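Ready to poke around a protein model? Work through the exercises below, and check each solution as you go.

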Amino acid sequence: MPTVASSDQTPIHYRVIGDGPRNVLLVHGWMMSGVVFDDMVGKLDTTGLRLVIPDLRGSGKSGAPAGGYTLEQHVRDVLAVADDAGLKRFTVVGHSMGGQLAQWIASQEPSRVEGLVLLCTVPASGMQLPPEAVGLFRTSANDREKQKTILGLACKQLPEAALERLLKDAGAVAKGSIEGSFDAWTGGGFEAKLASITAPTLVVATDDPFLPPAFLREKVANPIKGARLAYLPGPGHYPAVERPVETAALLTSFLAGLGR
């Protein structure tokens, strides 16, 4: 389980599963670590794949500095992992805020990113939430009941055992990450970068109450040249956990469509 020092010397931990030749970088979102992908990864046929799964700063086994919880610094952290893992060409899969980071990476490194999969992604423009939601989300660090409420609002088909795993993961996320990364993903502000994305792009929409299909089509799929939207009915904001078999199948089909 390697660790790399990012640009500000924060240690960023990551896992590698499989030995390729196709590289897939999985980027998680706010209030979670890379373990949010474990159920989906367990349903993937990893033959021919090399999965690289970082923990963003402040989560999982990565360092938790006082600051640096901006989208730009998160991108630097993820690219430090990609470099350390030797990923010259890769598909990047991003969930929620991780989808924002994936869009930024694809726009910044078009020669390296061969595919882009966005699972219930936050748009590059960010999101405006009602004041009561802002209060709940931003003050949820180390508060199991608030985090349980957030997951209850976000998810439609989350099994009880999976809920407990997510709550355990969320409970370990640093306060600085909960607050700083929340400000980052709600603020967004990099939609002008989307014109630089050249990779084939799949936007996965669900019955997510915060990010419904029509919203994702308008704010994410339409601004990215050639992007396609796939609708997976049933789950909410965490399809990789709520419906791991179907989410793995969508990813497998996308990777197969990229060819060699």
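**Exercise 1: the smaller space**

Task: find which residues line the second largest cavity.

Solution. Step one: the lining is made up of His28, Gly29, Trp30, Met31, Met32, Leu56, Arg57, Ser59, Met97, Val173, Ser177 and Ser181. (A cavity is a set of points on a 1 Å grid over the protein atoms alone where a 1.4 Å probe fits but cannot get out; lining residues have an atom within 4 Å of a point.) Step two: sort that lining by class, and you get 6 nonpolar, 5 polar and 1 charged residues. Step three: the volume comes to about 40 Å³.

A note on the source: this is a predicted model, where local features need pLDDT of at least 70, side-chain atom pairs count only at pLDDT 80 or more, and totals for chains, interfaces and linings use all residues. Numbering runs from 1 along each chain as its sequence is written, and side-chain values use heavy atoms, leaving out hydrogens and water.

**Exercise 2: the largest cavity**

Task: work out how much space lies in the largest cavity and which residues lie nearest its centre.

Solution. Start with the space, about 210 Å³. Next, look to the centre: Trp30, Ser96, Phe137, Trp185 and His237 lie nearest, out of 18 lining residues. Finally, the lining splits into 13 nonpolar, 5 polar and no charged residues.

**Exercise 3: two helices**

Task: how do the axes of α2 and α3 cross?

Solution. First, helix α2 (residues 71-84) and helix α3 (residues 97-108) have axes that come within 10 Å and cross at roughly 70°. So α2 is roughly perpendicular to α3 (the cut-off is 65 to 115 degrees).

Conventions
Axes fitted to C-alpha atoms, helices over the stretch in contact; angles between N-to-C directions. Helix = DSSP H or I, 4+ residues; strand = E, 2+ residues; numbered from the N terminus. Parallel < 35°, antiparallel > 145°, perpendicular 65-115°, else oblique. 1 Å grid on protein atoms, 1.4 Å probe; cavity = no way out; pocket = protein on both sides within 12 Å on 5 of 7 lines; lining within 4 Å. Points joined across faces, edges and corners; volume = space filled by probe spheres on them. Nonpolar A, V, L, I, M, F, W, Y, C, P; charged D, E, K, R; others polar.
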